[in-house]
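Me: I have a model open and would like to go through a few of the descriptions attached to it. Could you help me see what each one rests on?

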There are 2 protein chains.
Amino acid sequence: MFRGASGISIDPKGRLAVPARYREVLVDRCQGQLVATVDPFNPCLLLYPLPEWEGLESKLITFSDFDPTERAMKNILLGHARELEMDNAGRVLLPPELRGHAHLDKKAMLVGQLNKFQIWDDEQWQKHTAATLDQWRSGTLPMSERLKSLSL
Amino acid sequence: MFRGASGISIDPKGRLAVPARYREVLVDRCQGQLVATVDPFNPCLLLYPLPEWEGLESKLITFSDFDPTERAMKNILLGHARELEMDNAGRVLLPPELRGHAHLDKKAMLVGQLNKFQIWDDEQWQKHTAATLDQWRSGTLPMSERLKSLSL
DNA sequence: TTGTTTCCGGTGGGAAAAAGTGGATCGCAA
DNA sequence: TTGCGATCCACTTTTTCCCACCGGAAACAA
């Protein structure tokens, strides 16, 4: 599974070089077939191995078009999802629509989140991390029961 | 199935060029025969492969004319539906009535939603997406049980 | 320990192919 | 006969694929 943040660069054509340590796994699991979409909660992109994405998609199609919140979620996730393929140098080409959404230019961060990756603009990632830690330490975030019983 | 948003342009004659990656599928499934109508929930158009549309249509005819909501839905969908055909350059000609409804001019977005497409004016789509994400992140939307148990 | 060599990951550029765009001609109808 | 519309064709732009180069790191040898 995917862990950790790697600094990566996006070239002028919009190609993102996947760190070498992930490549073999990705080829094994999905022949380099990936799906990128927008993250509903953060100004970044989500990158799934195709089979993993299809699992999520099969849940989304059960959502009702007459529930506004469910419709919105379907719309955002499916409406931005693009199928991508690694080239033989281990790079994926991000379409302009997705790059624009996450404000990606040269420097980016690929963040492993077990079953998927997040793709952040480097600057946004730094800000987001700092902000999250601040919230955390100030104790303003609500705690679910699950969290209260978590030991690190 | 159809996913993702693609920026497309509508030429002065009102022709919309379908992105190349969808064309083969559309020719296979319906020989380029499509149906466009208005989206009851959003200021955009819906574009179905003909067989897919016929499935929906067969459900609509069972709707009662004595239930105001069912009648309205029938009216909107059926009353605006137009049969369209791709030309050999992969373009479909949108009738002025439909273009007007979605405020389509030069720049548009073709948004895949699995069994159908949405056709948005580019500006409207940007606004719609931004507004939805804002609502989402501010946490003001009501959450169904299905949503609460969804993990991305 | 230090220098040299080799391999691998990362990067950029260029060429071929395909897709998008606009124009022109043909036909039909008014 | 003229105007509008539709279909077809050709040109330009974009995209995609592939190859080559550069830099760094590691390994081996002196």
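Me: Which strands of chain B does helix α3 of chain A lie across?

Reply: Happy to help, and do keep in mind that this is a predicted model. Helix α3 (residues 68-80) of chain A lies across β1 and β7 of chain B, at about 105 degrees to β7(B). Helix α5 (residues 122-138) of chain B also packs on the sheet, touching β1, β7 and β8 of chain B.

Me: What makes β1 and β5 of chain B edge strands?

Reply: The strand order in chain B is β1-β7-β8-β4-β3-β5, an open sheet of 6 strands with antiparallel pairing. Both β1 (2-9) and β5 (82-85) have a single partner strand, so one side of each lacks a neighbour in the sheet. From one strand to the next, the twist averages 25 degrees.

Me: How do you know that β3 and β5 of chain B pair?

Reply: Pairing takes at least two bridges, and 4 bridges join β3 (residues 33-38) of chain B to β5(B). These two strands run antiparallel. One of the bridge partnerships links Ala36(B) with Arg82(B).

Me: Why are Ser9(A) and Ala20(B) listed around DNA strand C?

Reply: To count as near, a residue needs its C-beta atom within 6 Å of the strand. There are 16 residues around DNA strand C, and Ser9(A) and Ala20(B) are among those that come nearest.

Me: What is the make-up of that surface by class?

Reply: The surface near DNA strand C has 8 nonpolar, 4 polar and 4 charged residues.

Methods:
Residues numbered from 1 in each chain as written. Chains lettered and ligands numbered in written order. Predicted model: local features only at pLDDT ≥ 70, side-chain atom pairs only at ≥ 80, totals over all residues. Nonpolar A, V, L, I, M, F, W, Y, C, P; charged D, E, K, R; others polar. Axes fitted to C-alpha atoms, helices over the stretch in contact; angles between N-to-C directions. Contact = placed C-beta atoms within 7 Å.
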